[in-house]
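Visitor: I would like a close look at the cross-links in this protein. Please take the covalent ones first and the charged pairs after them.

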Amino acid sequence: MLRRVRNPLGVGPVGMREFVLLVLFCYLSSRSAVPSDAYDPIDPNSNITINWDLQSINNQSNSYTVRTHTRFESTTTGFLLCAQVMVSIHNYQLYRHIEQPGWRLSWNWPGKEVIWGTWGAEATEQGDCRRAGPLRQPPHCCEPRPVFVDLPPGSPYTRQVANCCRGGTLSSLTQDNRTALAAFQMAVGLVAFDTDGSRGPQKPWGFDLGVPGYTCSNASEVPPTRTKVDKTRHVQVLRKVSSCSFFLTWRVICSFSQYREAAAPSCCVSLSTFYNSTIVPCPKCSCACPTSPGSDPSSTAKALQGGDDDSVAPVVRCSDHMCPIRVHWHVKTSYRDYWRVKVTINNYNQVKNYSDWNLVLQHPNLQSLTQLFSFNYKPLIEYGNYNDTGMFWGVKYYNEMLLQDGNVQTEMILKKEQGDFTFSSGWAFPRKVYFDGHECVMPPPDQYPTLPNGASATRWSLTAGPPLLLLLFLFVMV
């Protein structure tokens with residue numbers, strides 16, 4: 001005999017369906033939320049924009065001949081065109097920069113395009129250029145998916161264009177907006193058009209910046225790029241092709257996600273104060289564990305054998321947190337109307353120097369920062385006049401480079417705001433810490449250093465502590 005099993009959830013068929021739909025909705029919501037991790041609340045409008053400007057197009061005939069292996073094929077599905085293209089990469093991120101080995105821009109051609117020449121950058125591979133036919137000077141690149149890298153500093157002047165030749169590095173907007181832009185120019189042949197050519201050339205697709213953590217959109221048509229040629233005149237990208245006018249500017253938007261870049265963090269935070277002898281270390285295994293793969297110090301020699309263009313894997317000094325970078329926040333002194341903080345950045349990476357590093361701190365008292373030593377500083381104000389986030393970076397020719405197994409440090413003096421300032425409940429510690437655009441692991445709040453029993457949350461200081469102890473000792477002796 002078959003017997004109906006009672007519903008363990010105590011709901012009817014309709015209620016069961018609703019429950020299953022609710023579980024399915026929550027699962028799909030968690031899955032669909034993955035792409036949104038590129039949103040950065042500190043810099044909500046951050047992105048890297050790639051502009052593709054077709055500066056000129058020369059129409060030579062209504063058909064072209066393409067050599068395929070050992071035979072020649074004629075086609076009338078396009079035009080034999082030579083296009084002059086300017087590609088520019090704009091870093092619109094306030095505090096994230098691109099460091100060595102730099103960007104490696106790649107894309108897919110829609111047809112059988114070839115690149116005859118380049119200025120400001122170069123393709124890493126020439127590819128098979130037999131389809132271009134017998135020529136005195138072969139094309140620069142015939143790859144269906146070319147990969148372009150920036151030229152190094154000091155390249156010949158005849159190969160340069162404006163804003164090129166920095167080895168692929170891009171500064172953040174806050175540190176130096178003049179070097180937050182890169183550009184290169186190329187001459188492209190066999191440009192793919194539509195059958196009648198009325199809708200302009202076909203767009204390249206599958207753009208990739210070649211930097212971990214970044215994903216790029218498809219190219220979209222935007223208003224033509226305007227360039228200022230003197231104090232009062234602008235020119236824009238607008239050319240005629242086959243009696244039709246085209247606004248030939250395409251744009252690609254690339255966004256960053258720390259979770260796409262790496263499965264583990266790359267920095268951590270430790271805390272200490274003058275009023276508590278306890279030093280709160282970085283959480284154990286913040287970035288890795290000492291016994292995890294890649295933490296063996298013997299791999300240092302192997303990493304040092306990498307080429308100059310290779311991205312060297314971090315070889316971290318053995319520690320409980322195994323992070324390449326540790327940021328230490330020390331509440332140093334409390335005065336009557338001010339308090340003093342010391343921040344130290346330690347480089348535990350034994351094979352890498354961090355050039356043009358930056359540090360982002362989030363704390364409600366940064367709006368009252370009075371004095372800073374040895375670092376540059378600029379507030380990051382993205383929400384009205386609310387100033388609780390600041391960016392710090394090194395002084396040029398002094399401490400702009402964080403050396404292997406070294407450190408940089410600063411001290412800051414902040415004014416105590418009446419009604420807000422307190423040493424209790426961990427208020428004196430930062431809310432978030434970022435190093436080179438990566439969020440650092442903070443200790444749990446319940447482990448923060450606490451005030452001694454009976455101490456005032458606002459008046460305790462090193463200058464007041466010793467006299468009070470002396471008076472207490474004299475009172476006991478009497």
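Is Cys267 buried or exposed?

Guide: This is a predicted model, and Cys267 is buried in it, because its relative accessibility is 0%, below the 20% cut-off. Cys267 is bonded to Cys440, with 2.0 Å between the two sulfur atoms. The torsion about this S-S bond is about -100°, so the disulfide is left-handed. The two cysteines belong to distant parts of the chain, 173 residues apart. Cys267 is in strand S18, which covers residues 267–273, while Cys440 is in the loop that runs from strand S29 (438–439) to helix H4 (465–477). Cys440 has a relative accessible area of 5% and is therefore also buried.

The structure holds 7 disulfides, and another of them involves strand S18 as well. Cys268 pairs with Cys282, the sulfur atoms being 2.2 Å apart. Here the S-S torsion is about 80°, so this disulfide is right-handed. Cys268 lies in S18 and Cys282 in the loop between S18 and helix H3 (299–304), so the bond ties together parts 14 residues apart in sequence. Cys268 and Cys282 are both buried.

The loop between S18 and H3 also supplies a cysteine to a further disulfide, Cys287 with Cys323, at an S to S distance of 1.9 Å. Its torsion is about 95°, so the disulfide is right-handed. Cys323 sits in the loop between H3 and strand S19 (325–334), so the pair connects parts that are 36 residues apart in sequence. Cys287 counts as buried because its relative accessibility is 11%. The value for Cys323 is 0%, so Cys323 counts as buried too. Cys141, by contrast, is in no disulfide; its nearest cysteine sulfur belongs to Cys142 and is 6.5 Å away. Cys141 is nevertheless buried, at 1% relative accessibility. Cys318 is exposed, because its relative accessibility is 52%, above the 50% cut-off.

Now the charged pairs. The structure holds 9 salt bridges. One of them joins Glu99 and Lys352, with an N to O distance of 2.9 Å. Glu99 is in the loop between strands S4 (81–91) and S5 (104–108), and Lys352 is in the loop between strands S20 (338–347) and S21 (354–355), so the contact ties together parts 253 residues apart in sequence. Glu99 has a relative accessible area of 23% and is partly exposed; Lys352, at 23% relative accessibility, is likewise partly exposed.

The loop between H3 and S19 takes part in a salt bridge through Arg317. Arg317 pairs with Asp405, the closest N and O atoms being 2.9 Å apart. Asp405 lies in the loop between strands S26 (401–402) and S27 (407–415), so the parts brought together are 88 residues apart in sequence. Arg317 is partly exposed at 32% relative accessibility, as is Asp405 at 42%.

A third example is the pair Glu411 and Lys332, at 2.7 Å from N to O. Glu411 is in strand S27 and Lys332 in strand S19, so this salt bridge links parts 79 residues apart in sequence. Glu411 is buried, with a relative accessible area of 14%, whereas Lys332 is partly exposed at 30% relative accessibility. Shared partners extend the arrangement: salt bridges join Lys332, Arg340 and Glu411 into one network.

Key:
Residues numbered from 1 in each chain as written. Predicted model: local features only at pLDDT ≥ 70, side-chain atom pairs only at ≥ 80, totals over all residues. Heavy atoms only, no water. Disulfide = S-S within 2.5 Å. Helix = DSSP H or I, 4+ residues; strand = E, 2+ residues; numbered from the N terminus. Buried < 20%, exposed > 50% of the residue type's maximum accessible area, 1.4 Å probe, protein only. Salt bridge = Lys/Arg side-chain N within 4 Å of Asp/Glu carboxyl O.
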